[in-house]
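Got your viewer ready? Let's walk through this one stop by stop, selecting as we go.

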Amino acid sequence: MDGATPELSSETIRPDDPRYPALSRGFNQRWIARPDYVRMVYSSDDAVKALQRALDERKDESGRITVRSGGHCYEDFVCGDDVRVIFDTSPMHEVYWDGDVEAYCVEAGATNWHVYSHLYPTAGVTLPGGSCYSVGIGGHVPGGGFGLLSRQHGLTVDYLYGVEVVVADRDRMARRIRATADDKDEDHRKLLWAHTGGGGGNFGILTKLWFRDLPHPPTFVRLCGRAWKWADFNQTEFRKLLKAYGEYFRDNQDPATHSGRLFALLKLNHRSNGEILLTAQVDCESPDHNDPGKLAMDEFLRAVDGAITPESKEQKSGTGDHPAVKGAKAPRVMPWLTATQALNSSGENSRGKYKSACIRKPFNDEQIDAMWACLGNGGDYDEYHNPRAVIQIDSYGGRINQVAPAATAVAQRDSILKMQYQVYWTTGDPEESTHIRWIRDTYAATFAETNGVPEIGGDDAVTDGCYINYPDADLADDDWNYSEQTWAQLYYKDAYPGLRKVKTRWDPHNVFRHRQSIEPLPDDAT
C-alpha cells in the first residue's frame, strides 16, 4: 500500500533499505561502501551461517567481505568501493563472566564504553583500553589497543586469554574456532597470538574475546587539562616544550611509581587553532596533599609546564577525538569511571587522514623544527588554515614495556611516546587535497632523517615503526615511504612472518583482505 512502512529485515540490509546509507559507512566519511548488502550478526552460529552464505554466493572471490564492530577504521579497509558484503557485529555487545571458560567474555560488537560501564560496576575490573567510547572491541583489541591506564596496567592484549573466530577453511566452509592460551592445538594458540596485535579483519569474523586477570582501575584519579596560546610561543619555547615532554617520559618508565603510571596527551594543534593542549591523568589514593598521585602530577607539571615561558590557561575547546577538559587547570580529583566518562568522545563524524609513529627517545632538534614549521610557523603551510589539523603525542611505555615483544604480536615494546597525526575536514571541502597534502608533508618532514617514515633501527634509533590501529595506506606507496622497510615491517617488525603463517592456515583463500591485510604465503611455501 502506498505510504506504508516497508517490511525491514533484521538481518540483511540492502540498498533499498533506509538504514543502508548509515550502515555502509563508518566514522571516517571519506570511505563509503556500496556493498550488495550489510549483514547484521546476532550470534556466533549466525556468523557461521552468514559467512557460508556469502561464500556460496560467489566462487571467484570477487568483491571483498569485510567485518565491522565499531566502524572506526581510518582507511578503506572495511568500507571501500570493492566491498561486496559487510558483516556488522554490533548486535553482539554483551559483557559478562563466562563460568565455563572462567574468564570475562566481551563480544566483538561491544564498544569501549560497553566494557567500562559494565565490567567496572559489576566486577570492579576493566580493560586498559582507549578513551574513545564508540570504538569497537572487535577492532581495538586485535590491533593491540591501549589507553590512559596502559602505562599502569599494559595493553588490552596482555590480558587476552581466548578468542572465537568464524573462518573460511580450505574447502570454503565456514567454521567456528575457539582458541585459548592453554589450547592443546598449537594452531589454535597461534590464532590467539595473531589476535594480540595482528590487526582486525585479517583472519575471519571475530565474535568473542575472553580476558583473565583483568586489573582493578584506581578508585580516584587526578585529571588535569591545560592550554597554551600559540601566540605566546617562539621556536625556542616550542623546542623546550617538546624536549621536556619527551625527557619526562624517558626518565619515568617504572610502573611501580606514580610518575611511571602518569598518562598524558600533548595536542600540537595547527597554529590556526590558536592553542596547544595538554591533558594528564594519574591514579591517586585520596584528595590528600601528600597523596603520591598529587606529588607525581605536580612533578610532571613542573617538568613540562614549568619548563617554558608561555603561561598555561584552562582548556576551552577540544580537538581530534577528545573534548576539552574544562575547569581542570588545577588538577581535579574524581572517581576513575567519572573521569573516563569526562574524556569519553570520538570527535565529529567527518572526513580524515591519519598517521602514526612509535618513539623510543626524546625528539631531536630536526624533528621538532620540522613540526614547528609545518604547524604554521614559517614553513610552506603559513597560509594553511585548519584548526582541526593536529599532531597528538601520547605517553607510552611503563607496564607496556615490561612484556617481551614475542609474547604478543605487538612488537613495539620499548617506546616512550606514540604519535598520531590527524587532519579533519567536512564533505565538500574544496581544500580536501590540501589537507591530505599537509599531513603527508608534515609526516615526511618529521621523519626526513629516516626516509619519510619512523624507521625501525637499532638501540640508538629514535623511532620504532607504526601502529596498526592507526592504519596509513601511504606506507605502501613509494612516493611517501622511500625507506627500505615495508608497511608490514613498520607495523609488525619480526612478528610478520609468524602472522603470515597464521593467515595461511586460517584464511587460505584470502577471503578477509584489504590494502594492508596480512599476506598469505605463496602455495610453494606452505
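Start by selecting Gly124, the residue that follows helix 3 and has a positive phi, near 75°. A word on ground rules: this is a predicted model, where local features need pLDDT of at least 70 and side-chain atom pairs count only at pLDDT 80 or more, while totals for chains, interfaces and linings use all residues. Residues are numbered from 1 along each chain as its sequence is written, and side-chain values use heavy atoms, with hydrogens and water left out.

**Stop 1: helix 3**

Step back from Gly124 and select residues 112–123, which make up helix 3. Helices (H or I, at least four residues) and strands (E, at least two) are DSSP runs here, numbered from the N terminus. Helix 3 has 12 residues and reaches 16 Å from its first C-alpha to its last, close to the 16 Å expected at 1.5 Å a residue (the expected span is 1.5 Å times one less than the number of residues).

Now show side chains for Asn112, Val115, Tyr116 and Leu119, which are buried. Buried means under 20% relative accessible area, exposed over 50%, and partly exposed in between, using a 1.4 Å probe and protein chains only. Look down the axis of helix 3: its buried residues fall within an arc of 95°, so they line one face. That arc is taken from the directions from the helix axis to the C-beta atoms. The spacing makes sense, because an α-helix has 3.6 residues a turn and residues three or four places apart point the same way.

What do the buried residues of helix 3 pack against? Add strand 5 (95–98), strand 6 (103–107), helix 4 (137–140) and helix 9 (336–342) to your selection; contact means heavy atoms within 4.5 Å. Then flip to the face turned away from the buried side, where you'll find the exposed residues Pro121 and Thr122.

**Stop 2: strand 17**

Select residues 417–425 for strand 17, where nine of the nine residues are buried. Leu417, Met419, Tyr421, Val423 and Trp425 point one way, while Lys418, Gln420, Gln422 and Tyr424 point the other. In a regular strand the side chains alternate between the two faces of the sheet.

Which strands should you add next? Strand 15 runs antiparallel to strand 17, joined by nine bridges, and Tyr354 has Gln422 in strand 17 as its bridge partner. Strand 16 (residues 389–395) is also antiparallel to strand 17, with seven bridges; here, pick Ile393 and its partner Met419. Two strands count as paired if DSSP finds at least two bridges between them.

**Stop 3: an open sheet**

Head to the four strands that form an open sheet in the order 1-2-4-3, with mixed pairing. Strand 1 (12–13) and strand 3 (64–68) stand at the edges with a single partner strand each, so one side of each is left without a neighbour in the sheet. Strand 3 runs parallel to strand 4 (residues 83–88), joined by five bridges. To find that pairing, click Arg64 and its bridge partner Val83.

**Stop 4: salt bridges**

The whole structure holds 35 salt bridges, each a side-chain nitrogen of Lys or Arg within 4 Å of a carboxyl oxygen of Asp or Glu. Try Asp365 and Lys243, whose closest N and O atoms are 2.9 Å apart. Asp365 lies in helix 10 (residues 365–374) and Lys243 in helix 7 (residues 235–251), so the pair ties together parts 122 residues apart in sequence. Asp365 is partly exposed at 26% relative accessible area, and Lys243 is partly exposed at 27%.

Next, select Lys355 and Asp472, which meet at 2.8 Å, N to O. Lys355 is in strand 15 (residues 351–359) and Asp472 in the loop between helix 11 (432–446) and helix 12 (487–492), so this pair links parts 117 residues apart in sequence. Are these two buried or exposed? Lys355 is buried at 2% relative accessibility, and Asp472 is buried at 1%. Widen the selection to Glu75, Asp76, Lys353, Lys355, Arg440, Asp472, Asp474 and Arg515: salt bridges that share partners join them into one network.

**Last stop: cysteines**

How many disulfides does a search of the whole structure find? Zero, taking a disulfide as a pair of cysteine sulfur atoms within 2.5 Å. Select Cys79: the nearest cysteine sulfur, that of Cys73, is 8.2 Å away. Cys79 is buried, at 5% relative accessible area. Finish on Cys374, where the nearest cysteine sulfur, that of Cys466, is 17 Å away; Cys374 is buried too, at 9%.
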